[in-house]
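Me: Hi! Could you walk me through this model? I'd like to go through it piece by piece.

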Amino acid sequence: MPLSLHLLAADAPAQLLPARELMAFTLAAHIILVPLGVAFPLITLVMHYRGLRRNDATALLLARRWSAVMAVQFALGIVTGTVLSFEFGLLWPGLMGRWGDVFGVGFGVEAWAFFLEAVLIAIYLYGWRRLKPRTHFLLGLPLPLAALLGAFGILAANSWMNTPQGFSLDAAGNPVDVNVWKAIFTPMFGPQYWHFVVGMILTAGFVVAGVYATGWLRGRRDRYHRLGFAVPFTIAAVAAPVQFVLGDSIARSVFHKQPVKFAAMEIVWKTDTRVPEYLFGRLQEDGSVKGGLKIPLLDSFLAGFSPNTEVVGLTSVPADQRPTATQATIAHWAFDLMVLIGSALVLLALWYGLVWLRHRRLPASRWFYGAAACAGVGSVVAVECGWIAAEVGRQPWIVYENMRVAEAVTATRSTSLWIMFGVVAAVYVFLFGSFLVVLLKMRTRWRLADEQQAAAGAHTPEDDIPYGPRASIPAGDLPAGGPGAGRSGGEDR
């Protein structure tokens, strides 16, 4: 039987599958940018602070270049984020029409934070070479706060969909007596928010460090590349064990607050104690599990620290109120892959920490830098898997136990939705391709500028502080047009 039929109920409207696929595609694409949008400003400011505190021109140069990357990434994030906001109304009018007044405040907060972050990024970019160093740095400090505020709004909305509260229902089933504070601070908000924020810091750190780890493997081992690796990787290495603990905490919150989702993520069919843990097994329609590695008693122990802990199974609710076997398997594999990658990242962080504690230097092993180069991609995959586990595991509900996904979907013809999906996919391929081309051109321009300076023997990147006027150029090196002829090219560096 085709996978699409396993994913949908027999009476599901035809437009449900394309609407889901379109939303999943645009969300997955946007999530690639989210770690940099949320955490890259913090990493950049840490590097900026190091440069000012230690009068380190290399750190300041890295911070300046990272701020340019941050601006390009943010511009693309504006496009993908705007598409998502429109899709909520276009694809799921039932959700927004009935429940928008309850949880829509989260989207409002995110919109204001997005606008504020755009202004702050513009000021931060403008400030290089135009403001006093301390003033410039202080004006950049609100950037991470604006990013955290945006995450606050989105996670408030999503956690409400998982554990809705803060309203009453009238006779027609419509929400009334809305309590905004209860709608924002739901039982799942705290665990989701901190798990998300630390995950974004970890992911951004590993992604940025992975670029310089790749450079190390290619023989670029100067101080510029060593520092570009060390600062973001240290931040990620500190965040990795914290995230591991937070991940365990949020899984236990799901166990208590969303037991059926937990059953899907762990492919538990019947409520029982002494439940085994399956690693990458496949749940069948009859409740049996094929494949995977079975570890006796472990699921009960992880859920309640005792093998006698009772774990609620999928059959505790009717079939139309729980994920299908295929959906449960998808959520389970996504969850297991996320945990596996997270565990590997913790081990990599421990490797880094042990070398630093023993030798006070960066690791020298090519195996380490090969793993660090892969860690960036792996952490992005883990973020994607986390969202898959969260959203697929909640099926068939779009608002947990209050509205099914099929009730919220648009009435637009499925053919139109598939066409829209194709158009959006083509546009996104172009946008992300352009983003990659811009980043590569920036890298090439910066590398060429560094090589030219090194060849001239006058000023290396470590000597050229990005505040105040540039160091003077020998008269014989001036272009024919005079001192101002090369200014625009120099300012672009």
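**A chat about the helices, loops and salt bridges**

Me: Where is the kink in H9 centred?
Reply: H9 has a kink of about 25 degrees, and glycine 210 is at its centre. The bend at a residue is taken as the angle between axes fitted to the seven residues ending there and the seven starting there. Helices are DSSP runs of H or I with at least four residues, strands are E runs with at least two, and both are numbered from the N terminus.

Me: Before we go on, what kind of model is this?
Reply: This is a predicted model, where local features need pLDDT of at least 70, side-chain atom pairs count only at pLDDT 80 or more, and totals for chains, interfaces and linings use all residues. Residues are numbered from 1 along each chain as its sequence is written, and side-chain values use heavy atoms, with hydrogens and water left out.

Me: Thanks! Back to H9: how far apart are its end C-alpha atoms?
Reply: They are 41 Å apart, which agrees with the 42 Å that the 29 residues of helix H9 (residues 189–217) should span at 1.5 Å a residue. The expected span is 1.5 Å times one less than the number of residues.

Me: And how many residues of H9 are buried?
Reply: 22 of the 29 are buried, so H9 is largely enclosed by the rest of the structure. Buried means under 20% relative accessible area, exposed means over 50%, and partly exposed lies in between, with a 1.4 Å probe and protein chains only.

Me: What comes just after H9?
Reply: Glycine 219 does, with a positive phi of about 95 degrees.

Me: Which residues other than glycine have a positive phi?
Reply: Leucine 297 is one of them, with phi near 70 degrees. Leucine 297 sits in the loop between strand E6 (293–295) and helix H12 (298–304), and is partly exposed at a relative accessible area of 31%. Glutamate 401 also has a positive phi, about 65 degrees. Its loop runs between E7 and strand E8 (403–404), and glutamate 401 is exposed, with a relative accessible area of 54%.

Me: Where is the cis peptide bond?
Reply: It joins glutamine 395 and proline 396, with omega at about 10 degrees. Proline 396 lies in the loop between helix H14 (366–393) and strand E7 (397–399).

Me: Let's switch to salt bridges. How many does the structure hold?
Reply: Five. The criterion is a side-chain nitrogen of Lys or Arg within 4 Å of a carboxyl oxygen of Asp or Glu.

Me: Which residues are linked in a network?
Reply: Arg50, Asp56 and Arg223 are. Aspartate 56 pairs with arginine 50, where the closest N and O atoms are 3.7 Å apart. Arginine 223 also bridges to aspartate 56, this time with the closest N and O atoms 2.5 Å apart. That second pair links distant parts of the chain: arginine 223 is in helix H10, while aspartate 56 is in the loop between helix H2 (16–53) and helix H3 (57–91), 167 residues apart.

Me: Is aspartate 56 buried or exposed?
Reply: Aspartate 56 counts as buried, at 7% relative accessibility. Its partners are partly exposed: arginine 50 is at 24% and arginine 223 at 32%.

Me: What about arginine 252 — which residue does it pair with?
Reply: Aspartate 248, with the closest N and O atoms 2.7 Å apart. The two are separated by about one helical turn, because they are four residues apart in helix H10. Arginine 252 is buried at 16%, whereas aspartate 248 is partly exposed at 35%.

Me: Where does glutamine 258 lie?
Reply: Glutamine 258 is in the loop between helix H10 (223–257) and helix H11 (259–265). Glutamine 258 is buried, with a relative accessible area of 0%. Leaving aside residues up to four places away in sequence, glutamine 258 touches Asn162, Thr163, Met188, Ser253, Arg394 and Tyr400. Contact here means heavy atoms within 4.5 Å.

Me: Last one: what covers the buried residues of H16?
Reply: The cover includes H2 and H3. Among the buried residues of H16 are Phe421, Tyr428, Trp446 and Asp450. Helix H16 (residues 414–456) has 43 residues and reaches 63 Å from its first C-alpha to its last, close to the 63 Å expected.
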